[in-house]
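This briefing is for a reader who is new to the structure shown below. Please keep the sequence and the model in view while going through the points.

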Amino acid sequence: MSEILLHYTRAGHVENIHRGDIAAVNCAGEIVSSVGNAHLPMFWRSAAKPFQALPFVKNGGLEKYNISQEELAVLVSSHSGEENHVRLVRGILAKLGVDESVLDCGTIRPMSGKVYKDLMKIGKHSQIIALAMMLGVPFEGYTKPEHEAQKLIFKHVAMASKMPEDKLEIGIDGCGVPVFYLPLYNMALAYARLSAPEKGDWGEYESAAKKIRDAMSAYPQVVSGTGRIDCAVPEITKGRIIAKIGSDAVYCLAVKDEGLGISFKIEDGSFAAITPTVIAVLKHLDLLTKDEADELDKRFPPVLKNHRGEIIGTIEKVF
């Protein structure tokens with residue numbers, strides 16, 4: 001059962017409660033720490049993107065299409081649709097020899113309120129199209145589970161998370177592609193393996209996993225967006241901790257070189273609860289130096305403010 005993670009208070013009284021579940025797992029598959037149900041099954045949403053990129057990277061896609069490390073970062077991103085994100089995606093499409101008309105992700109509102117674009121094309125779709133081109137199959141219908149590229153991605157997500165293929169379920173994401181339903185434990189295990197590929201028993205995929213990890217570590221703003229917690233954590237820790245958001249408040253972290261992966265899900269899907277939960281989890285597991293913790297608190301103070309900027313309440317960790 002989900003446990004209480006956060007209290008939002010006003011005038012000293014608890015006004016809102018956010019519950020959730022957390023799993024911290026090492027490369028050996030051992031649960032290091034948990035809150036609530038570490039085996040809670042949940043849709044991985046966009047937090048699965050690093051592992052969806054494995055077949056493209058492993059089979060030479062970066063070299064074939066001259067994809068840079070920064071462009072790899074946008075291929076696994078949940079970006080805010082800022083100018084550099086759009087430029088990178090368009091650059092990838094140009095290298096593939098296609099234009100934005102091939103992208104079948106629909107119209108969505110960019111995460112950044114500063115971006116006024118009717119259509120934001122997300123990197124994951126470019127990645128799938130590129131994989132289809134590498135496989136020599138038509139990219140039409142690339143969002144369908146039965147497409148050859150999607151079937152290959154499914155196998156690699158199962159492999160990365162050590163989920164039996166017959167136990168890995170799928171749904172459909174907001175942008176139209178398959179999403180994967182699996183326990184938080186397996187999500188955390190995949191990120192533990194990603195954090196330290198040489199310890200993660202990747203076999204022939206070790207080099208691909210390392211390239212993906214290093215791209216995420218080197219370009220956190222590309223993976224996420226300016227001012228977001230998933231950008232701030234890698235920035236403040238100098239790439240030591242990698243962070244990746246998924247829709248409806250699924251979240252994953254990897255502690256680089258330490259073989260530790262973390263996943264959590266906010267029960268009510270609250271986006272607002274993600275940032276204080278990320279900071280609380282990292283403090284709970286003693287993964288931040290004092291200076292790093294202080295800087296995160298400075299950027300994201302655990303208080304509530306009114307429209308005049310006055311502090312009217314607090315956000316309190318209760319696990």
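Is Y8 buried or exposed? With a relative accessible area of 9%, Y8 is buried. The model is a predicted one. The points below start from Y8 and go on to a cavity, a helix, a set of paired strands and two loop residues.

**Y8 and its surroundings**

- Y8 belongs to strand 1, which covers residues 3-10.
- Its contacts, leaving aside neighbours within four places in sequence, include H13, V14, E15, N16 and H18.
- From further along the chain, A272, A273, P276, L304, T314 and I315 are also among the contacts of Y8.
- I128 is 120 residues from Y8 in sequence, and the C-alpha atoms of the two are 40 Å apart in space.

**The cavity**

- Searching the whole structure for cavities of 30 Å³ or more gives 1.
- The largest cavity holds about 40 Å³ of space.
- Its lining is made up of I22, A24, S33, S34, V35, V281, H284, L285 and F319.
- At least two lining residues come from each of strand 2 (13-26), strand 3 (31-35) and helix 12 (274-284).
- Strand 3 contributes the most to this lining, namely 3 residues.
- Sorted by class, 6 of the lining residues are nonpolar and 3 are polar, while none is charged.

**Helix 13**

- Helix 13 spans residues 290-299, and its residues E292, A293 and L296 are buried.
- Viewed down the axis of helix 13, these buried residues fall within an arc of 100°, so they line one face of the helix.
- As a general rule, an α-helix has 3.6 residues a turn, so residues three or four places apart point the same way.
- On the face of helix 13 turned away from the buried side are the exposed residues K290, D291 and K298.
- The cover over the buried residues of helix 13 includes helix 11 (229-236) and helix 12.

**Strand 6 and its partners**

- Strand 6 covers residues 178-183, and 5 of its 6 residues are buried, so the rest of the structure largely encloses it.
- Strand 4 (residues 41-43) pairs with strand 6 in the antiparallel sense, over 3 bridges.
- In this pairing, P183 of strand 6 stands opposite P41.
- Strand 5 (residues 169-172) also runs antiparallel to strand 6, and 4 bridges join the two.
- F180 in strand 6 is the bridge partner of I170.
- Strands 5 and 6 form a hairpin with 5 residues between them.
- G176, in the turn of that hairpin, has a positive phi of about 100°.

**Two alanines with positive phi**

- A11 is not a glycine, yet its phi is positive, near 55°.
- The loop between strand 1 and strand 2 holds A11, and A11 is exposed, with a relative accessible area of 67%.
- A249 is likewise a residue other than glycine with a positive phi, here about 65°.
- A249 sits in the loop between strand 7 (241-246) and strand 8 (250-255).
- Which of the two states, buried or exposed, applies to A249? A249 is buried, with a relative accessible area of 3%.

Key
Residues numbered from 1 in each chain as written. Predicted model: local features only at pLDDT ≥ 70, side-chain atom pairs only at ≥ 80, totals over all residues. Heavy atoms only, no water. 1 Å grid on protein atoms, 1.4 Å probe; cavity = no way out; pocket = protein on both sides within 12 Å on 5 of 7 lines; lining within 4 Å. Points joined across faces, edges and corners; volume = space filled by probe spheres on them. Helix = DSSP H or I, 4+ residues; strand = E, 2+ residues; numbered from the N terminus. Nonpolar A, V, L, I, M, F, W, Y, C, P; charged D, E, K, R; others polar. Buried < 20%, exposed > 50% of the residue type's maximum accessible area, 1.4 Å probe, protein only. Arc of directions from axis to C-beta. Contact = heavy atoms within 4.5 Å. Pairing = 2+ DSSP bridges.
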